Amino acid sequence: MATFVDNVTLHLRAGHGGNGCVSVRREKFKPLAGPDGGNGGHGGDIVLVADPQVTTLLGYHRRPHRASDNGGFGMGDMRHGARGEDLELPVPVGTVVKAPDGEQLIDLDQPGMRFVAAAGGVGGLGNASLASVKRKAPGFALLGTPGWEGDVELELKTMADVALVGYPSAGKSSLVAALSAAKPKIADYPFTTLTPNLGVVQAGDSRFTIPDVPGLIEGASEGKGLGLEFLRHVERCSALLHVLDCATLEPGRDPISDLDVILGELAAYPVPEGQIPLLERPQLVALNKVDVPDGKELADFVRGELEGRGYRVFEISTVSHEGLRPLSFALAEVVDAERARLAAAVEASPRIVMRPRAVDAKPFTIRVEGGSDGTYYRILGVKPETWVAQTDFKNDEAVGFLADRLAKLGVEDGLFEAGAVAGDTVVIGPGDGVVFDWEPTLTSTAELITAPRGTDERINQSNRATRRERREQYYDRMDGKAAARAELEAERAAGLWTEGADTDYDDDFEGDED
């Protein structure tokens, strides 16, 4: 049964935001006292915390599905929904968080570091929060947005100061047990160590850690044996200690050839960007098993050549503890020097400058897509996508509110610039998104008015006639009536009128003199 896991995939679902409430306050003598719908609560986040007390990812290997609490719904009488509780997941120090495509999101290499792996959804506003001077009693509320849902990969890279490098059965586990209080598994067959173990070494005033990790063989950088599992845990070490077996019984092997193979694998392993290549880090050599007579002779024979290459060489025995004290102090010296160098590099590192977003940066983008089925316009952006998720499309007032928000954001102007016309298909969001048949909003007719610059005929126009115009209209009307009377008198004098005919024509004009 596995007791150590250093690579897992977490399936996360952050809490959803609660919906806002539509409510109207009712009091005695005030049946409609105004909106009082509360806001929905935010969903809980999922946070990864670097904890020094955690040494393995085994718990997440057994339970990879994790979810945080949802936000509560808003209620009437201005009662807001409860915020969903955050879910904190402790992980070992040295855990690297990656996206499913392999992109590194963060390196939790310091105790106490926190990373929001899945952000909770935003709670929707109630109708009380949506009320304004122009919209005194909104009949709608905003919906809560869903929390982030997806996968992240956790990869543990052991945080150690000195990495023990060597062939299987070279005595690395025995060396860790001899230098520290760690109790790794020790046996007389290769690949006894399958999982890393950390040992703490005290040398004078210095304290450093050494890992007990699987051994290397030729081709380890290409995945043979357990090489890749080992090399991942070597990336963070400040120095390397080559443990060479001086009493091996395998034909064709000796300390020099073993060292050449190990150096080749270390050179072929790519380290992350920004880290020092493995072969450029401080290196020491430990010739192990000198308690065996043949081992002592072989160590004396190869010592000169190794020192000629520039290595500091120590003859040790993990059984008799010969040479361990000088080795531990030499390692402490290298570690202290490397820590001082890193501290100076941190102090000399440039300051991080936080720059605000440019004022002319658009909060959305419009892409023209489509094919044989026709052209459509896709709108991408945090604000438009969030607003669409908050809209209850069963409520016409909520849809109108969404249209107003998009218009103020400049979406319609962007569609005009992209060449869209009324009736074109518009998709908001990636994938299927939300599909609309676009109808431009007519907010004014100012572009149709041709008036002198600085004037507006809609403001200056007046339909009331002046006194002079009314006098002229009166005289015109009187002249018309006089002409009509003269025409009737002429017809009567000519005998065109008969007895019994309606002669009360003056009644038609009676009262018109005013």
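This is a short talk on one sheet, the helices lying across it, and a glycine in a loop.

Okay, so keep in mind that we're looking at a predicted model. Let's start with the sheet. It's an open one with four strands, in the order β9-β12-β13-β14, and the pairing is parallel. Who's at the edges? That would be β9, residues 162-165, and β14, residues 312-315; each has a single partner strand, so one side of each has no neighbour in the sheet. As for twist, neighbouring strands here are turned by 25° against each other on average, ignoring direction.

Now zoom in on the β9 end. β9 runs parallel to β12, which covers residues 239-245, and four bridges join the two. If you want a spot to click on, take L164: its bridge partner in β12 is L241.

Next, the helices. Which strands does α3 lie across? Helix α3, residues 172-179, lies across β9 and β12, and it runs at about 145° to β9. Then there's α6, residues 293-308, which lies across β12, β13 and β14, at about 170° to β14. β13, by the way, is residues 283-288.

Last stop, G120. You'll find G120 in the loop between β7, residues 114-118, and α2, residues 127-130. Buried or exposed? Its relative accessibility is 19%, and the cut-off for buried is under 20%, so G120 counts as buried. And what does G120 touch, leaving out residues up to four places away in sequence? The list is A14, G15, G43, G44, D45 and G147. Take D45 from that list: G120 and D45 are 75 residues apart in sequence, yet their C-alphas are 4.6 Å apart in space.

Notes. Residues numbered from 1 in each chain as written. Predicted model: local features only at pLDDT ≥ 70, side-chain atom pairs only at ≥ 80, totals over all residues. Heavy atoms only, no water. Pairing = 2+ DSSP bridges. Axes fitted to C-alpha atoms, helices over the stretch in contact; angles between N-to-C directions. Contact = heavy atoms within 4.5 Å. Buried < 20%, exposed > 50% of the residue type's maximum accessible area, 1.4 Å probe, protein only.
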